[in-house]
Amino acid sequence: MKCEITQVNGDGSIRRALVDTTGRHDAARWEQLADQARLDSPPPYRPHPGEPVYEIVVDGRAAQVAEGDLIGPLRELARAVLTEGWQII
């Protein structure tokens with residue numbers, strides 16, 4: 001599984017990270033996080049000026065989510081990837 005998170009901040013700066021579970025000993029953890037995030041039914045996209053927005057892509061399934069709607073398992077997945085994943089420039 002590949003999971004990529006792109007965070008676009010209110011000032012236009014971009015932060016992007018990727019986790020590829022191929023060959024990882026903790027692949028089941030990442031797959032569980034992705035399943036719990038339920039990208040098949042993401043929250044509505046409701047950005048507010050100056051608020052970060054996120055694009056979350058897991059194996060080709062994508063969702064765009066504003067910071068205010070990034071809650072629960074979706075937030076856990078985004079934070080984990082941005083913290084532990086490979087930073088992409």
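This passage describes helix 1 of a predicted model and its packing against helix 2.

Helix 1 spans residues 27-37. Its buried residues are A27, W30, L33, A34 and A37. These residues lie on the same side of helix 1, because the arc they cover around the axis is only 130°. The exposed residues A28 and D35 are carried on the face of helix 1 that is turned away from the buried side. The cover over the buried residues of helix 1 includes two strands and a helix, namely strand 2 (14-20), strand 3 (53-58) and helix 2 (72-84). R38 follows helix 1 and has a positive phi, near 55°.

The packing of helix 1 with helix 2 was examined further. The two axes come within 7 Å and cross at roughly 140°. Angles over 145 degrees would count as roughly antiparallel and those of 65 to 115 as roughly perpendicular; helix 1 and helix 2 are therefore oblique to each other. The crossing of helix 1 past helix 2 is left-handed.

On the side of helix 1, the contact with helix 2 involves R29, W30, L33, A34, Q36 and A37. The residues of helix 2 that they meet are P73, L74, E76, L77, A80, V81 and E84. By class, this contact has nine nonpolar residues, one polar residue and three charged residues. W30, L33, A34 and A37 of helix 1 are thus listed both as buried and as meeting helix 2.

Notes:
Residues are numbered from 1 along each chain as its sequence is written. This is a predicted model: local features need pLDDT of at least 70, side-chain atom pairs count only at pLDDT 80 or more; totals for chains, interfaces and linings use all residues. Side-chain values use heavy atoms; hydrogens and water are left out. Buried means under 20% relative accessible area, exposed over 50%, partly exposed in between (1.4 Å probe, protein chains only). Helices (H or I, at least four residues) and strands (E, at least two) are DSSP runs, numbered from the N terminus. The arc is that of the directions from the helix axis to the C-beta atoms. Contact means heavy atoms within 4.5 Å. Axes are lines fitted to C-alpha atoms, for helices over the stretch in contact, and angles run from 0 to 180 degrees between N-to-C directions. Angles under 35 degrees count as roughly parallel, over 145 as roughly antiparallel, 65 to 115 as roughly perpendicular and the rest as oblique. A crossing is left-handed if the near helix is turned anticlockwise from the far one by less than a right angle, and right-handed if clockwise. Ala, Val, Leu, Ile, Met, Phe, Trp, Tyr, Cys and Pro count as nonpolar, Asp, Glu, Lys and Arg as charged, and the others, Gly among them, as polar.
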